Amino acid sequence: QRLKLSCVPSAFKVKFNGMMGMLVQSTRDVVTRDKRVVFKQSQLKMKNQKDRRNMMEVCGVSKYRSCWMNRALVAILESLGVEAKAFVELQRKYVAKLMNIKREMKSDDVLELLRNDWMNGADQEWTSEMVKLIENGVSLEQETFLRDCVNEMVKHCLERLVSDAEIPIDNGAKLYAVVDPTGELLPGQVVIQLSKNRSDAVVVEGKVVVVSKELCLHPGDVRVLRAVQPQNENLKALKDVIVYSQTEECKIAARSELMTVIYETTLIPATMIEPMEVVRCGDRVRLDGDVDRMDVLSEYFVNVLCTSD
């Protein structure tokens with residue numbers, strides 16, 4: 001009720017006393033009976049003993065989010081063996097769709113663009129009002145202001161296509177990732193159920209591309225996994241998330257961030273590269289006193305003078 005949600009999501013991204021990660025409803029009676037929140041040690045991001053407020057912050061919830069291609073992802077998928085004509089075909093269909101909306105001004109096409117493509121952007125407030133007006137019967141042919149808004153939206157979509165190669169992928173989504181609570185999924189298997197059209201969830205099967213970082217900059221961020229049918233009621237209850245095997249936990253870096261999931265057959269790469277190895281820093285060094293801004297600036301300029309030619 002506080003989050004003003006119409007239904008209870010399958011997962012929540014939360015922060016609590018230095019902990020951060022995904023929370024799902026447990027299937028264990030010993031936990032659900034006592035209504036406790038259980039965190040893993042790996043979810044401890046920051047130790048802060050001085051200011052411990054027993055207040056949980058909800059940073060995000062599981063829901064269907066439309067998937068977009070960008071220039072960095074195009075370059076990496078092409079380097080992994082995806083043919084260039086697959087991206088050209090997606091671009092051609094997207095441009096034809098936008099031109100048809102601009103020419104015909106059909107309410108169903110405009111609503112689809114608003115809900116699936118535009119509602120995930122920064123201007124969600126005014127687009128939601130447009131959706132309400134169109135759903136209540138306001139004609140796009142007679143209402144000049146709404147027609148101008150749609151034309152401006154089409155123009156902006158074309159500008160993003162030219163500048164950043166942003167192309168929507170119908171067979172894809174951006175989802176939070178959660179670990180399999182039952183432990184039944186095998187390595188390389190995932191469960192994906194999408195409630196794209198606000199009806200019964202669509203179960204994705206077959207090979208899927210999982211991009212484990214929102215900004216994909218390394219070919220190792222792209223993994224090809226196999227989506228399978230949920231085999232029990234506990235897995236069937238997890239919708240609009242990607243449920244991965246417990247053995248895959250170490251290979252998926254951004255577990256509490258949005259991941260790009262693509263099940264378009266033409267975009268499945270033929271090869272994979274091992275994820276980039278991140279070397280962790282050594283033990284932290286305790287300083288004698290506080291560090292202010294001038295200390296950081298002076299150290300930076302001294303390092304530049306010592307290392308520059």
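Reader: Why is Ser-245 called buried?

Author: This is a predicted model, and in it Ser-245 has a relative accessible area of 1%. Buried means under 20%, so Ser-245 counts as buried. The residue sits in the loop between β11 (241-244) and β12 (259-262).

Reader: What makes the link from the side chain of Ser-245 to Leu-185 a polar contact?

Author: The side chain of Ser-245 reaches the backbone oxygen of Leu-185 at 3.0 Å. The limit for such a pair of N or O atoms is 3.5 Å, so this one qualifies. Leu-185 also turns up among the contacts of Ser-245, along with Val-179, Asp-180, Leu-186, Pro-187 and Gln-189, once neighbours within four places in sequence are left aside.

Reader: OK, on to strands. How do you know that β1 and β2 are paired?

Author: Count the bridges: 6 of them join β1 (residues 11-16) to β2 (residues 19-24). Pairing takes at least two, so these strands pair. They run antiparallel, and Phe-16 has Met-19 in β2 as its bridge partner. The two strands form a hairpin with 2 residues between them, and Asn-17 in the turn has a positive phi of about 50°.

Reader: What makes β3 a partner of β1?

Author: β1 and β3 (residues 57-61) are joined by 4 bridges, and at least two are needed, so they pair. This pair runs antiparallel, with Lys-15 opposite Glu-57 in β3.

Reader: Val-37 is in which exposure class, and why?

Author: Val-37 has 45% relative accessibility. Exposed would need over 50% and buried under 20%, so Val-37 is partly exposed. Val-37 is in the loop between α1 (29-34) and β3. Leaving out sequence neighbours within four places, Val-37 is in contact with Leu-23 and Met-56. The C-alpha atoms of Val-37 and Leu-23 are 8.2 Å apart, with 14 residues' separation in sequence.

Reader: Why is Leu-98 called buried?

Author: The relative accessible area of Leu-98 is 0%, and the cut-off is under 20%, so Leu-98 is buried. Leu-98 is in helix α3 and touches Leu-113, Val-154, Cys-157 and Leu-158, not counting residues up to four places away. Leu-113 is 15 residues from Leu-98 in sequence, and their C-alpha atoms are 8.8 Å apart.

Reader: Met-105 and Asp-240: what about their phi values?

Author: Met-105 has a positive phi of about 60° although it is not a glycine. Asp-240 is likewise a residue other than glycine, with a positive phi near 60°. Met-105 lies in the loop between α3 (84-104) and α4 (107-118), while Asp-240 is in the loop between α7 (233-236) and β11.

Reader: How do you know whether Met-105 and Asp-240 are buried or exposed?

Author: Met-105 is at 8% relative accessibility, and Asp-240 has a relative accessible area of 8%. Each value is under 20%, so Met-105 and Asp-240 are buried.

Reader: Let's talk charges. What makes Lys-132 and Glu-129 a salt bridge?

Author: Their closest N and O atoms are 3.8 Å apart. The cut-off is within 4 Å, so the pair counts. Lys-132 and Glu-129 are 3 residues apart in helix α5 (residues 124-135), so about one helical turn separates them. Lys-132, at 46%, is partly exposed, as is Glu-129, at 41%.

Reader: Why is Arg-103 called exposed, and what is Glu-104 called?

Author: Arg-103 has a relative accessible area of 57%, and over 50% is exposed, so that settles Arg-103. Glu-104, with 36%, is partly exposed. Their side chains meet in a salt bridge at 3.8 Å, N to O.

Reader: Which salt bridge joins Arg-160, and how many are there in total?

Author: Arg-160 meets Glu-166 at 3.4 Å, N to O. Arg-160 and Glu-166 are both buried. The count comes to 6 salt bridges.

Reader: Last one: why does Met-294 count as exposed?

Author: Met-294 is at 55% relative accessibility, and the threshold is over 50%, so Met-294 is exposed. Met-294 lies in helix α8 (residues 293-307). Together with Leu-297, Tyr-300, Phe-301 and Val-304, Met-294 forms a nonpolar surface patch with about 520 Å² of accessible area.

Technical notes
Residues numbered from 1 in each chain as written. Predicted model: local features only at pLDDT ≥ 70, side-chain atom pairs only at ≥ 80, totals over all residues. Heavy atoms only, no water. Buried < 20%, exposed > 50% of the residue type's maximum accessible area, 1.4 Å probe, protein only. Polar contact = N/O pair within 3.5 Å; in protein donor to acceptor, adjacent residues only side chain to side chain. Contact = heavy atoms within 4.5 Å. Patch = residues over 30% accessible without salt bridge, like charges linked within 9 Å, V, L, I, M, F, W, Y side chains within 5 Å. Areas by Shrake-Rupley, 256 points an atom, 1.4 Å probe, with all protein chains shown as cover.
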